[in-house]
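Me: I would be grateful for a close look at a single part of this structure. Please concentrate on one strand, and then place that strand within the chain.

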Amino acid sequence: MVEISYGPPLWLWDYLRRSGAKGFFLPLSGGADSSSVAAIVASMSNIVYKSIKQGNGETLRDLRDIVGDNNFSPNNYQEIVGRILVTCYLGTKNSSNETNSRAKKLAEGIGSYHLNISIDEIYNKILAIFEKATGK
């Protein structure tokens, strides 16, 4: 059970530290798959937060390097999430209010920086290219 709950979050932390990335971008649809990934990032942030609160200076230095702020000292795991995770609901005219609401509630709950962007224009252009290429 420990491997399941700690494995993916710790792998993400290791990847984030080693890659030089400053965080993650996640299209958050409100469905199970993207919500699970958001939960794993939140779990990672909680593990990092607990490590810092236990006095692990290396974890704090790594986090500060990642967020680019030498004075950052989180007060909760959501503050970490807010610095390293951008979520975005990519809605179209066919999207439901329910999925949009679920995505927004999850983003608020874990503390991610959340955007809501309409992609109707892009969707319509891709559809037009497909129709031109296939005649269908």
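Reply: In this predicted model, T87 has a relative accessibility of 0% and therefore counts as buried, the limit for that class being under 20%. T87 belongs to strand β2, which covers residues 85-91. Leaving aside residues up to four places away in sequence, T87 is in contact with L26, L28, A107, S112, Y113, H114 and L115. The partners of T87 thus include L26 and L28, with lower numbers than T87 itself, as well as A107 and the run from S112 to L115, with higher numbers.

The second residue to consider in this strand is G91, which is also part of β2. Because its relative accessibility is 9%, under the 20% limit, G91 counts as buried. With residues up to four places away in sequence again set aside, G91 touches I117, S118, I119 and D120. As for distance across the model, the C-alpha atom of G91 is separated by 33 Å from that of R64, and these two residues are 27 positions apart along the chain.

R64 falls within the residue range of helix α3, residues 57-67, and the packing of this helix may be described next. Helix α3 packs with helix α2, residues 32-53, the two axes being 7 Å apart and at an angle of about 130°. That angle lies outside the ranges for roughly parallel, roughly perpendicular and roughly antiparallel, the last of which begins over 145 degrees, and α2 and α3 are therefore oblique to each other. The crossing of α2 past α3 is left-handed. On the α2 side, the residues that meet α3 are V48, S51 and I52, while α3 contributes T59, L60 and L63. Sorted by class, this contact comprises four nonpolar residues, two polar residues and no charged residues.

The setting of these parts in the chain is as follows. The chain contains six helices and three strands, and from the N terminus its elements follow the order α-β-α-α-α-β-α-β-α. Among contacts with a separation of 6 or more, 68% join residues that are 24 or more positions apart. Buried residues account for 32% of the 136 residues, and T87 and G91 are both classed as buried.

With regard to overall dimensions, the radius of gyration of the chain is 18 Å, whereas a compact globule of 136 residues would have a value near 14 Å. Taken along the principal axes, the C-alpha atoms fill a box of roughly 60 × 30 × 30 Å.

Conventions. Residues are numbered from 1 along each chain as its sequence is written. This is a predicted model: local features need pLDDT of at least 70, side-chain atom pairs count only at pLDDT 80 or more; totals for chains, interfaces and linings use all residues. Side-chain values use heavy atoms; hydrogens and water are left out. Axes are lines fitted to C-alpha atoms, for helices over the stretch in contact, and angles run from 0 to 180 degrees between N-to-C directions. Helices (H or I, at least four residues) and strands (E, at least two) are DSSP runs, numbered from the N terminus. Angles under 35 degrees count as roughly parallel, over 145 as roughly antiparallel, 65 to 115 as roughly perpendicular and the rest as oblique. A crossing is left-handed if the near helix is turned anticlockwise from the far one by less than a right angle, and right-handed if clockwise. Contact means heavy atoms within 4.5 Å. Ala, Val, Leu, Ile, Met, Phe, Trp, Tyr, Cys and Pro count as nonpolar, Asp, Glu, Lys and Arg as charged, and the others, Gly among them, as polar. The radius of gyration is taken over C-alpha atoms; the globule rule is 2.2 Å times the number of residues to the power 0.38. Buried means under 20% relative accessible area, exposed over 50%, partly exposed in between (1.4 Å probe, protein chains only).
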